[in-house]
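Please look through the sequence and the model that follow, and then read the report below, which takes up strand pairing, nonpolar cores and the contact of two chains in turn.

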Amino acid sequence: MMVTTMIMQRMSVAMEYGVILKWLKKEGDKVKKGDLIVEIFGEKNEFELEAPDDGVILKILCDVNDEIPISEPIAYIGKEGEKIPDARPLKLNAASATTPAQTTAAVAPTQTSTAVTSQTVPPSTQARLPDGKIKASPRAKKKAKELGVDLSFVVGSGPEGRIVEKDVTAAKDSTPQVTISDERKVRSVETMTPLRRTIARRMTQSAQNPHITMITEIDMTEAVALRKEINLKVEKVHGIRVSFNDIIVKAVADTLERFPKFNATLAGNDLHIFDEVNIGVAMATDDGLIVVTIRDANKKSITDIAVETKEKGNRAKVNKLAPEELTGSTFTVSNLGPFKVDLFIPVINPPETAILALGQIKKKPVVVDDAIAIRSMMMASCAVDHRILDGAPAGQFLSTLKETLENPFMMKM
Amino acid sequence: MTEMVYREALKAGIREEMLRDERVFLLGEDIGLNWGGAFKVTKGLAEEFGAERVRDTPISENTIAGAAVGAAITGMVPVAEIMFGDLITLAMDQVCNQAAKMHYMFGGQTSVPLVLRTVFGGGKNIASHHSQSLEAWFMHTPGLKVAVPAFASDVKGLIKTAIRDPNPVLFAEHKLVYDKKEEVPDDEYLIPFGEAKVRREGADVTIWGTFIMLHKALEVAEELQKEGISVEVIDPRTLVPLDKKTLIDSVKKTGRLVLVTEETKTGATTAEIAAIVQEEAFDWLDAPIKRVNAPDTPVPFSPPLENYFIPDNKRIAQAVRDIV
């Protein structure tokens, strides 16, 4: 029998690396094919990876909290005493100075903070040697050590993509690496959770793309009336109440049918326009922001959307969502109305091309037919990726959505 | 300062030493009266100092070297010439087993103040028995000093130091540098062994080389400057002792090194230099060390093939561009 290499597996499309959460087996344990070996955190979820073969765990290659890219080896399984290859996985966290192990480590009160470096997204054009090692000159490596730069975040400009000294210096100057080294006393250190790290990485990635944001005010008076009417029935039948957000999700889904480029993703130089309209609904959990996906929202009724969103929201709070429920959205709606926010400028949820942000609904005096009227108004902003979309279509999208929400009884129910 | 060719500067250095110390004498094939050596380095010296001090020998390299070693250990200061460096193979025992080892074998009771001049290099279409570059053999032999002057101003100061050195010195010259002109100081001067010279300062790449390749490297550096690549050119001037510091300081500055000699590549001086730099300056390297050498074949007789064999400006420039 040959030694079998257990690798980090891709558990969702967007997953780029997995975080080791817990080893369920230890070195020397006998395992059968299909036994659960390790718990990992993928893009947004926890998974268990199975033994790919029968045998003994000869070697575990990574520790808890290590960030291991897809396809990197994580363990070897084989016969007892069998020789294992001398390979080590690339660890994205290897050079960072964040505290390993515990999520919250108590720190002695007299201790002051050490240098902590925050990182951006590993560039996809990374020069790697066949064994996954980063291709960098000795001089670049030395410089990186001096400056505390993680080479896995540096793009090489030397021959064949080699990272040379000036790339390290440039990376130090350009990336938003905040080095905190001061005398202020630290009470405790909280290591970012895997979800938090995913958010950090993806938001940084997204913020690098040019956003333009359109803002309008939407008269929600009719929507308020519609909601009241729907809820008379829904509350009796389903025991829940339709939220404004559910109505907005439906309006957005209908609008997206007419604006396919808002329901798309950029892959290289190609814009991939999606068939389905899957609305991501941003939700706050204790752990951080997650986006729950309502698939085919354009084909569902407001009530369907409400029931589904409520149910998924409940499960999100207890971490019980399946990966497919957290991925696959094609457009995201983020609503901070419940937090009494009037208006905010959103960051696109990559790899989507646009996002809608909503503020609270407030009664305001507005001019209707040359008379002052009290109406329920809501600020809305739509950010688009300016690489793909310009101001005019963004404006058209927002005005169509406004039109729909101001005449909600026209929606396909 | 007087502008003169390398050959004249070399002769001037030898002449000054012959005037200064009457123990200094020359021996070699056709170096004497009316001829002055195959490359005319000693022309006129026999006429000035007489046939006793500028001695023609039979065509026997072993005899030349053996006689020179004998003279050196019995109180003379011989400057022997081997007409072509290739033919030094016939004198290898005298050079490597006798001259190089005597001081050690005799417990320091004697030394061998011998200078063995010879000429390396191709470019003259005189085939593989008259065109090789064999300096690495002598660099490899403990007990010998090895000088490799490439410029007129250096050759004069180095030959004088070589003649005054109590140790055997292999004084290597190159056929294509004899006619290279340079300003040479008029006053007496000595150039110590083991001191390299930065021939051109630069920031991006260091080129280290010997003989005619240094002249080519300087042309390449000028050319690459136009592309925005700043090249530093280092002439070691002596291989033993070797000035590591100047080279390593330069590599620490530029982070990149191209080694250029006319030797065939395997086991050449460039291989040794590359090894030293990676041992002592690994962390400063921003690119692999590049070697530009001749291919591992005998030097071809055919002029087009010989032109291909000897590294040219294009190949040197390419090596630099490859790592910038």
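In this predicted model, A:I361 has A:M378, in strand 18 of chain A, as its bridge partner. That bridge belongs with strands 17 and 18 of chain A, residues 354–368 and 371–385, and the table sets their pairing beside that of strand 17 with strand 16, residues 331–335 of chain A.

| Strands of chain A | Sense | Bridges |
|---|---|---|
| 16 and 17 | parallel | 4 bridges |
| 17 and 18 | antiparallel | 13 bridges |

On the side of strand 16, A:N335 finds its bridge partner in A:L358 of strand 17 of chain A. Strands 17 and 18 of chain A form a hairpin with 2 residues between the strands, and there A:D369 takes a positive phi near 50°.

Turning to the nonpolar cores, the largest has 113 residues, of which B:L116, B:V146, B:V258 and B:V320 touch the most other members. Helix 8 of chain B, residues 212–225, gives the most to this core, with 7 residues. If residues up to four places away in sequence are left out, B:V258 touches B:V205, B:I207, B:K290, B:V292, B:I316, B:A319 and B:V320. A second core, separate from the largest one, has 51 residues, and A:M220, A:L256, A:I305 and A:V384 are among them.

Where the two chains meet, the contact takes 9 residues from chain A and 9 residues from chain B. On the side of chain A that touches chain B, helix 1 of chain A, residues 138–147, gives the most, with 4 residues, and by class this side has 4 nonpolar, 2 polar and 3 charged residues.

Technical notes. Residues numbered from 1 in each chain as written. Chains lettered and ligands numbered in written order. Predicted model: local features only at pLDDT ≥ 70, side-chain atom pairs only at ≥ 80, totals over all residues. Pairing = 2+ DSSP bridges. Core = buried A, V, L, I, M, F, W, Y, C linked by C-beta atoms within 7 Å. Buried ≥ 20, exposed ≤ 12 C-beta atoms within 10 Å, placed from the backbone. Contact = placed C-beta atoms within 7 Å. Nonpolar A, V, L, I, M, F, W, Y, C, P; charged D, E, K, R; others polar.
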